[in-house]
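User: Hello! I am new to this structure and would like a close look at one part of it, with the rest of the picture built up around that part.

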Amino acid sequence: MVNINTTTGHQNVAMLGIGAYRPKRVVTNAEVCEVLDSTPEWIEERTGIKSRRWFSEDETLRSIAATAGARALKNSGVAPEKIDAVILCTSSWLTFVPNGAPSVAYDIGINGVPAFDLTAGCGGFGYGLAVASGMIRGGTAEHVLLIGAETMTVGINPKDRGTAMIFGDGAGAVVLGPSEVNGVSPAVWGSDGENASAIRQNFDFLNYQFVAADYQHKDPETDPMPRMSMIMEGPRVFRWAAITLPRALSEAIENSGVAKEDIEVFIPHQANARINELMKQNLGLPEDLPMANDIETTGNTSAASIPLAMEEMLRTGKAKGGQVALLLGFGAGLSYSGQVVTLPPAPAPEED
Ligand code: UT7
């Protein structure tokens, strides 16, 4: 039997820098309610959202991902030629072919390295963190640029009360690389295909037609354009989250070897402020423990929400580089991923 070469990498991995891009257009609850049958008060009370960013004009998923990635690179101090792989976590890149990461990497000035998209819904960034740190530990890459970027509003029906008020657009990124001490715990990640239909799209690409039960083009007078959109059975996801996520969080802390008392920051996916408050309480985390609440002005940006929330906390001083943070991503799939990490240094101020 031949013995084929293997690789060995660096066991200790950390986030070395962070960057973000928030689209220019701010959309208030009042503006959403110009089309949606809802009220600004209902939206704020039930989701915690006051406003969100929607992409417009010259912004695209490609451009916002590249800007966030370039900022993370600059803040990490790692030269572009030292990046060995680029991972783009997204559920809103609109072509199957080509995928997004190679073009985004090229725009940042990184060409020729492995670059691929990773789709795991709102759990995407956590999955990316597990894959990227695994690559560095296994020796297939030394530095990885990990981007979470979404233009969720391309697939949202502005009249759908289950999604229109929740989702927003944005991009966040980190650079991962070897570190003196380890800063990324093993992931506690998983999926539940039995509940896959709880978050779905309403277009069947195989038969090239809308799924009749989810077809929302009901009023050709006022809404003449049929559009592919996402359907979310919110309460069903809420119930799944309440059962699945506390277990994932406890296991993530246990596997990290860090005591619960040593967690300094909680950065859950920004799906709904009420879910996050409940998780914090149920986990027995101190009431005054800093917790991300970027959803208030950014909305739910799916795979971009964790790096965006992390960047916001570091930029505003709510959290500091080197602090121990508990992360948890969850959503379509249904999928989830929890990790304990040390936070990267605060980003340099940016002019958007
Ligand atoms: O990011 C991926 C993971 N996603 C999540 O984790 C999402 C989890 N789910 C949620 O965030 C929430 O389920 C939603 C925010 C989507 C919905 O909030 P909810 O509190 O679960 O509302 P509900 O669907 O149980 O509806 C409660 C009431 C109903 O009225 P009645 O029957 O009590 O009279 C709805 O008709 O609120 C009504 N309602 C609305 N009213 C105004 C539902 N949606 C709206 C709306 N505006 N947009």
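Is Glu 296 buried, exposed or partly exposed? Please start from there, and then take me through the salt bridges and the parts around them.

Analyst: Happy to help! Please keep in mind that this is a predicted model. Glu 296 counts as partly exposed, because its relative accessibility is 28%, and a residue has to be under 20% to be buried or over 50% to be exposed.

Glu 296 has a partner. Its side chain meets that of Lys 50 in a salt bridge, at 3.7 Å from N to O. The two come from distant parts of the chain, 246 residues apart: Glu 296 sits in helix 8 (residues 295–298), while Lys 50 belongs to the loop between helix 2 (40–47) and strand 3 (51–54). Lys 50 is partly exposed too, with a relative accessibility of 38%.

In general, side chains of opposite charge can pair when their charged atoms come close. The structure holds 11 salt bridges. Another of them joins Arg 22 to Glu 311, with 2.9 Å between the closest N and O atoms. Arg 22 is in the loop between strand 1 (13–21) and strand 2 (25–28), and Glu 311 is in helix 9 (residues 305–316), so this pair ties together parts that lie 289 residues apart in sequence. Here both partners are buried: Arg 22 has a relative accessible area of 10%, and Glu 311 has one of 5%. The pair also belongs to a network of salt bridges that links Arg 22, Asp 294, Glu 311 and Arg 315.

A further salt bridge is formed by Glu 312 and Lys 318, whose closest N and O atoms are 2.5 Å apart. In this pair Glu 312 is buried, at 12% relative accessibility, whereas Lys 318 is partly exposed, at 46%.

Strand 1, which comes just before the loop of Arg 22, leads us to a sheet. Five strands make up this open sheet in the order 1-7-6-4-5, with mixed pairing. Its edges are strand 1 and strand 5 (115–118), each of which pairs on one side only. On average, neighbouring strands are turned by 20° against each other, direction ignored. Inside the sheet, strand 6 (residues 144–151) and strand 7 (residues 169–178) pair in the antiparallel sense over eight bridges, and Gly 148 stands opposite Gly 172 in strand 7.

Two helices lie across strands of this kind. Helix 3 crosses strand 1, strand 4, strand 6 and strand 7, and runs at about 135° to strand 1. Helix 4 lies across strand 4, strand 5 and strand 6, and its angle to strand 5 is about 130°. The loop between strand 4 (85–89) and helix 4 (101–108) holds Pro 98, which is joined to Val 97 by a cis peptide bond with omega of about -5°.

Now to the nonpolar interior. The largest nonpolar core has 44 residues, and Leu 245, Phe 266, Met 279, Leu 326 and Phe 330 touch the most other members. Among the elements that each supply at least two residues of this core are helix 7 (273–282), strand 14 (324–331) and strand 15 (335–342). Helix 6 gives the largest share, eight residues. Both domain 1 (13–178) and domain 2 (188–195 + 230–342) contribute residues, so this core lies between them. Leu 245 shows how its members meet: leaving aside neighbours within four places in sequence, Leu 245 is in contact with Trp 240, Met 279, Leu 328, Phe 330 and Tyr 336. Another core, of 34 residues, lies apart from this one, and includes Ala 85, Ala 120, Met 135 and Ala 309.

A few backbone details round off the tour. The loop between strand 14 and strand 15 contains Leu 334, and the peptide bond from Gly 333 to Leu 334 is cis, with omega near -15°. Glu 57, in the loop between strand 3 and helix 3 (61–76), has a positive phi near 45° although Glu 57 is not a glycine. Glu 57 is exposed, at 73% relative accessibility. Tyr 208 also has a positive phi, near 45°; Tyr 208 lies in the loop between strand 10 (203–204) and strand 11 (209–210) and is exposed, with a relative accessible area of 63%.

Technical notes
Residues numbered from 1 in each chain as written. Predicted model: local features only at pLDDT ≥ 70, side-chain atom pairs only at ≥ 80, totals over all residues. Heavy atoms only, no water. Core = buried A, V, L, I, M, F, W, Y, C linked by side-chain atoms within 4.5 Å. Buried < 20%, exposed > 50% of the residue type's maximum accessible area, 1.4 Å probe, protein only. Helix = DSSP H or I, 4+ residues; strand = E, 2+ residues; numbered from the N terminus. Domains from an automatic or database assignment. Contact = heavy atoms within 4.5 Å. Salt bridge = Lys/Arg side-chain N within 4 Å of Asp/Glu carboxyl O. Pairing = 2+ DSSP bridges. Axes fitted to C-alpha atoms, helices over the stretch in contact; angles between N-to-C directions.
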